[in-house]
Amino acid sequence: MRKLHLIWVTARMHIEVYKYPAWRDVIEIETWFQNEGRIRTRRDWILNDVATGEVIGRATSKWAMMNQDTRRMQKVSDDVREEYLVFCPREPRLAFSEKNNKSLKRIAKLEDPVRYSKLGLKPRRADLDMNQHVNNVTYIGWVLESIPKEIIDTHELQAITLDYRRECQQYNVVDSLTGLELTEGSKMVSVGTNGSATATTSTREDGHDCHRFLHLLRLSSDGREINRGRTEWRKKPTR
């Protein structure tokens, strides 16, 4: 791949956390990748609590091959495929094997006007990968910048999905936008404590907290879309 000036770029990532580890917990992380089509590959993860064997998290991601010089997607050649297939599982294996799982759900584009925003985010040097692009973890932090404080204080992230749609480089300035995602069977409620300003969120009709938000990262200069996302939040457990 280096000789052919080819690189992998993240196209999509989905993460679910069922239980956050506590101090002194020992966690086992299993990860593997496998082929998916002519221009894509995927990497999956499963997180286990070593003491109980409980699965506490799962994740999956899709990656596309890009020519580093032309910045265009490129098919995986047989030579490159043979180089990495030796490390793939012999049989196809998915972290999310169930049908219609959340990792497959399409993310609608968040449209103006939005209720929550954080404008003027700038990449730091530490946010760049070896190809001088903003790394995929930084996008998660930028998405969380525009989550209302009332949710951050009382809830924890249980699922996040990100679609990576455009490169972001060192000197780009980014706006993070967040809006409520209403789904069937949800209603509007207000969340706030001690008389503070409230954030309007959604909760299911059965009374269970399940707050869902849509997200958009875009260039401040011209509004071009960089990333769109979805997050789900649950009430923090009592310690």
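This briefing sets out the fold, the confidence and selected residue environments of the chain shown above. The structure is a predicted model. Its chain has 239 residues, of which 43% count as buried. Three helices and 11 strands make up the secondary structure, and the mean pLDDT is 86.

**Fold and surface**

- Along the sequence, the elements of the chain are arranged as β-β-β-β-α-β-α-α-β-β-β-β-β-β.
- Among contacts in the chain with a separation of 6 or more, 68% join residues 24 or more positions apart.
- The exposed surface of the chain comes to about 14300 Å², and 51% of this area is supplied by carbon and sulfur atoms.

**Confidence**

- A pLDDT of at least 70 is reached by 88% of the residues.
- In the stretch formed by residues 188–201, the pLDDT is below 50; this stretch nevertheless has 34 contacts in the model beyond near neighbours in sequence.
- Where pLDDT is low, predicted coordinates should not be read in detail.

**Cysteines**

- The structure contains zero disulfides.
- Cys 88 has a relative accessible area of 13%, and it is classed as buried because this value is under the 20% cut-off.
- Cys 210 is likewise buried, since its relative accessibility of 4% is under 20%.

**Helix H3 and Asp 153**

- Helix H3 spans residues 149–154 and includes Asp 153.
- The relative accessibility of Asp 153 is 43%; Asp 153 therefore counts as partly exposed, as the value falls between the 20% and 50% limits.
- A polar contact of 2.6 Å links the side chain of Asp 153 to the side chain of Lys 149.
- Asp 153 and Lys 236 are 83 residues apart along the chain, yet their C-alpha atoms are separated by 8.7 Å.

**Strand E6 and Glu 156**

- Strand E6 runs over residues 155–164, and Glu 156 belongs to it.
- With a relative accessible area of 13%, Glu 156 is buried, because that figure is under 20%.
- Apart from neighbours within four places in sequence, the contacts of Glu 156 include Tyr 20.
- Further contacts of Glu 156 are made with Glu 232, Trp 233, Arg 234, Lys 236 and Pro 237.
- Lys 236 thus appears in two of these descriptions: it is in contact with Glu 156, and its C-alpha atom is 8.7 Å from that of Asp 153.

Conventions
Residues are numbered from 1 along each chain as its sequence is written. This is a predicted model: local features need pLDDT of at least 70, side-chain atom pairs count only at pLDDT 80 or more; totals for chains, interfaces and linings use all residues. Side-chain values use heavy atoms; hydrogens and water are left out. Helices (H or I, at least four residues) and strands (E, at least two) are DSSP runs, numbered from the N terminus. Buried means under 20% relative accessible area, exposed over 50%, partly exposed in between (1.4 Å probe, protein chains only). Contact means heavy atoms within 4.5 Å. Accessible areas come from the Shrake-Rupley method with a 1.4 Å probe; for residues, only the protein chains shown count as cover. pLDDT is the predictor's confidence in each residue, from 0 to 100. A disulfide is a pair of cysteine sulfur atoms within 2.5 Å. A polar contact is a pair of N or O atoms within 3.5 Å; within protein, one must be able to donate a hydrogen and the other to accept it, and residues adjacent in sequence count only if both atoms are side-chain atoms.
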